[in-house]
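Here's a quick tour for anyone opening this structure for the first time. Have a look at the picture, then read on for the details.

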Amino acid sequence: MRTVPLVQKCTSREGACDQIREWQRAGLKVGFTSGVFDLLHAGHVDYLEEAARACDRLVIAVNSDASVRKIKGDKRPICSEQGRQQVLAALACVDLVFPFDEPNNNVNVEVLRPDLYIKAGDYNPEKLTSGGIVEAQGGKVLISVSSLFPVSCLPEGWQKGQVPVSYCKNNQHI
């Protein structure tokens, strides 16, 4: 079980680079993933636990509040950037978390040089702009078999940034 204190798990991209280099020098396989992680749910946890099983250390880049607004609209995120990082860092399967502003992971994978670039099962490997960069650096792309809850199962208002009044189970509203 990983036992890094929560405060040490939240860092900057530069801090993540330094720690990743140290882990890789020690022979550890580093996995990297990213996302908004606005309201953490069971699908996220399943995906992250699966990702952690594929590597020795799991690093997560969290979209900054500004980048979430660009991606999902002015009413998002619901949870703050710092709050989303703290919740992710509290998971035993997560080793490092840092924020990023870019619209994709190209800069992240260029500077982090992860051994594995892991994305959720709803991603198409051919459409990952960062996948080619990882492979050119000698890393591998892994598409998770875990399935996140599809956005389509969420109440329409939640998709537009309103706090949900129901949740999903087996892709059905409850």
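**Briefing: loops, helices and bridges**

Arg 113 sits in the loop between α6 and β4; helices (H or I, at least four residues) and strands (E, at least two) are DSSP runs, numbered from the N terminus. This is a predicted model, where local features need pLDDT of at least 70 and side-chain atom pairs count only at pLDDT 80 or more, while totals for chains, interfaces and linings use all residues. Residues are numbered from 1 along each chain as its sequence is written, and side-chain values use heavy atoms, with hydrogens and water left out.

**How confident is the model?**

- The protein chain has an average pLDDT of 84, and 79% of the residues score at least 70; pLDDT is the predictor's confidence in each residue, from 0 to 100.
- Over residues 149-155 the pLDDT drops below 50, and this stretch has 16 contacts in the model beyond near neighbours in sequence (contact means heavy atoms within 4.5 Å).
- Residues 157-174 also have a pLDDT below 50, with 33 contacts beyond near neighbours in sequence.
- Where pLDDT is low, the predicted coordinates should not be read in detail.

**Backbone oddities**

- Most residues other than glycine have a negative phi, and most peptide bonds are trans.
- Arg 113 goes against that habit, with a phi near 55 degrees, a positive value in a residue other than glycine.
- Arg 113 is partly exposed, at a relative accessible area of 41%; buried means under 20% relative accessible area, exposed over 50%, and partly exposed in between (1.4 Å probe, protein chains only).
- Phe 37 has a positive phi too, of about 50 degrees, although it is not a glycine.
- You'll find Phe 37 in the loop between β1 and α3, where Phe 37 is buried with a relative accessible area of 6%.
- Gly 73, just after α4, takes a positive phi of about 110 degrees.
- The peptide bond from Arg 76 to Pro 77 is cis, with omega near 5 degrees, and Pro 77 belongs to the loop between α4 and α5.

**Salt bridges**

- How many salt bridges does a search of the whole structure find? The search turns up three, a salt bridge being a side-chain nitrogen of Lys or Arg within 4 Å of a carboxyl oxygen of Asp or Glu.
- Arg 13 pairs with Glu 102, and their closest N and O atoms are 3.0 Å apart.
- Arg 13 lies in helix α2 (residues 13-25) and Glu 102 in the loop between β3 (96-100) and α6 (106-112), so this pair ties together parts that are 89 residues apart in sequence.
- Arg 13 counts as buried, at 16% relative accessibility.
- Arg 76 meets Asp 38 in a salt bridge (2.7 Å, N to O).
- That pair links distant parts of the chain, 38 residues apart: Arg 76 is in the loop between α4 (65-72) and α5, and Asp 38 is in the loop between β1 and α3.
- Arg 76 and Asp 38 are both buried.
- Arg 84 and Asp 65 bring their side chains together in a salt bridge (2.8 Å, N to O).
- Arg 84 is in helix α5 and Asp 65 in helix α4, so the pair ties together parts 19 residues apart in sequence.
- Both Arg 84 and Asp 65 are buried.

**Around α4**

- Asp 65, Ser 67 and Val 68 are the buried residues in α4.
- Seen down the axis of α4, these buried residues fall within an arc of 160 degrees, so they line one face of the helix; the arc is that of the directions from the helix axis to the C-beta atoms.
- Their cover includes β2, α5 and β3.
- Ser 64 is in the loop between β2 and α4 and counts as buried, at 3% relative accessibility.
- Leaving aside neighbours within four places in sequence, Ser 64 is in contact with Glu 81, Arg 84, Phe 100 and Asp 101.

**Helix α3**

- Among the buried residues of α3 are Gly 43, His 44 and Tyr 47.
- The cover over the buried residues of α3 includes β1 (30-35), β2 (57-63), α5 (81-89) and β4 (116-119).
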